[in-house]
Amino acid sequence: MSKTIAIANQKGGVGKTTTSVNLGAGLASLGKRVLLVDIDPQGNTTSGVGINKADVENCIYDIIINEVHPKDAINPTNIEGLDIIPATIQLAGAEIELVPTISREVRLKKSLQLVKPNYDYILIDCPPSLGILTINSLTAADSVIIPIQCEYYALEGLSQLLNTVRLVQKHLNTSLKIEGVLLTMLDARTNLGIQVIEEVKKYFQEKVYKTIIPRNIRLSEAPSHGQSIITYDPRSKGAEVYLELAKEVISYE
Ligand code: ADP
Ligand code: MG
């Protein structure tokens with residue numbers, strides 16, 4: 001069985017990219033075949049797994065706009081079992097270029113279907129917007145993981161995201177599910193974090209992952225070394241929790 005999961009929240013800085021890279025690495029280290037799809041023009045997932053964007057031949061832009069076969073855009077990473085379709089800044093123009101095209105919402109879905117049988121998990125790292133790239137991701141996905149940062153206004157903006165999910169369910173992808181809600185960057189020293197956890201659990205109930213990602217400095221250092229936390233510092237708290245999350249995700253197969 002193969003599962004495609006979009007990691008989405010239109011807020012920036014909530015841990016989408018950190019979760020894509022490290023959940024992907026965690027799943028791969030547990031023996032799963034994983035494809036990361038970077039669909040954020042910033043390309044942080046791409047550089048986060050050690051890919052030099054200047055060396056990228058075909059990126060997600062070429063798949064969506066030029067209909068390049070996904071096989072020609074898949075790159076191996078420095079982690080066994082983890083591949084990536086990279087993003088470069090070229091993608092920044094895609095939102096506008098897609099406007100006049102036919103079936104613009106289903107381009108990613110059609111393309112990923114060609115390689116889906118080769119992977120146990122496809123994780124799509126979405127940009128911080130609810131534009132056409134995120135719509136493509138939600139249309140291509142079986143389910144969505146929503147990372148929520150444990151801070152004031154954690155729930156702010158979520159109704160827009162859930163509304164977008166509902167619209168995609170209604171018009172483009174009737175089987176789209178919410179895979180889980182992930183609490184990120186918890187600062188265990190403050191009461192605020194605990195309050196946010198309670199608030200989010202009240203709202204999403206059993207959809208909230210038992211695994212909660214704490215603030216961990218090693219998690220923020222790893223990307224500048226082009227590495228996941230699993231390879232950068234396997235003994236860190238960050239590596240421990242993302243492995244735990246990977247096991248939890250597998251348990252809902
Ligand atoms: P997004 O993709 O949603 O914009 P990122 O994953 O890029 O968010 O995270 C935003 C910033 O916070 C990055 O600099 C990242 O390294 C850092 N970060 C993410 N998760 C953690 C964490 N659990 N602990 C410490 N820093 C984190
Ligand atoms: Mg990001």
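Start by selecting residues 143-149, strand β6, together with β7: the two run parallel and are joined by 7 bridges. Keep in mind as you click around that this is a predicted model.

For one rung of that pairing, pick Ile-145 and look across to β7, where its bridge partner is Gly-180. Now follow the chain from β6 to β7. On the way it passes through helix α7, residues 158-171, and the β-α-β crossover made this way is right-handed.

Next, color β7 itself, residues 177-184. Is this strand mostly covered or not? It is mostly covered, with 6 of its 8 residues buried. While you have a strand on screen, here's a handy rule for reading it: in a regular strand, side chains alternate between the two faces of the sheet.

Time for a couple of backbone oddities. As background, most residues other than glycine have a negative phi. Go to the loop between β6 and α7 and select Tyr-153, which sits there. Tyr-153 isn't a glycine, yet its phi is positive, about 60°. Is Tyr-153 buried or exposed? Tyr-153 counts as exposed because it has 10 C-beta neighbours inside 10 Å, and the exposed class takes in residues with 12 or fewer.

Then hop past the end of β7 to Met-185, in the loop between β7 and α8 (191-204). Met-185 is another non-glycine residue with a positive phi, this time about 55°. Its surroundings are another matter: 21 other C-beta atoms lie within 10 Å of Met-185, so it is buried, the cut-off for that being 20 or more.

Now bring up ligand 1 and show what's around it. There are 17 residues in this shell, and the ones that come nearest are Lys-16, Thr-17, Thr-18, Leu-219 and Ser-220. Two or more residues apiece come from α1 (16-29) and α9 (217-221). Which element gives the most to the shell? That's α1, with 3 residues. If you color the shell by residue type, you'll get 6 nonpolar, 9 polar and 2 charged.

To finish, zoom out and select residues 3-178. An unreviewed UniProt entry places the feature "domain: AAA" on this stretch. Put a distance between the C-alpha atoms at its two ends and you should read 13 Å. Switch to cartoon view for the make-up of the span: 33% helix and 17% strand.

Note on methods: Residues are numbered from 1 along each chain as its sequence is written. Chains are lettered from A and ligands numbered from 1 in the order in which they are written. This is a predicted model: local features need pLDDT of at least 70, side-chain atom pairs count only at pLDDT 80 or more; totals for chains, interfaces and linings use all residues. UniProt positions are given in the numbering used here, feature names are shortened, and annotations may be inferred rather than shown by experiment. Helices (H or I, at least four residues) and strands (E, at least two) are DSSP runs, numbered from the N terminus. Two strands pair if DSSP finds at least two bridges between them. A crossover is right-handed if, with the strands pointing away from the viewer, the path from the first strand over the helix to the second runs clockwise. A residue is near a molecule or strand if its C-beta atom, placed from the backbone, lies within 6 Å of it. Ala, Val, Leu, Ile, Met, Phe, Trp, Tyr, Cys and Pro count as nonpolar, Asp, Glu, Lys and Arg as charged, and the others, Gly among them, as polar.
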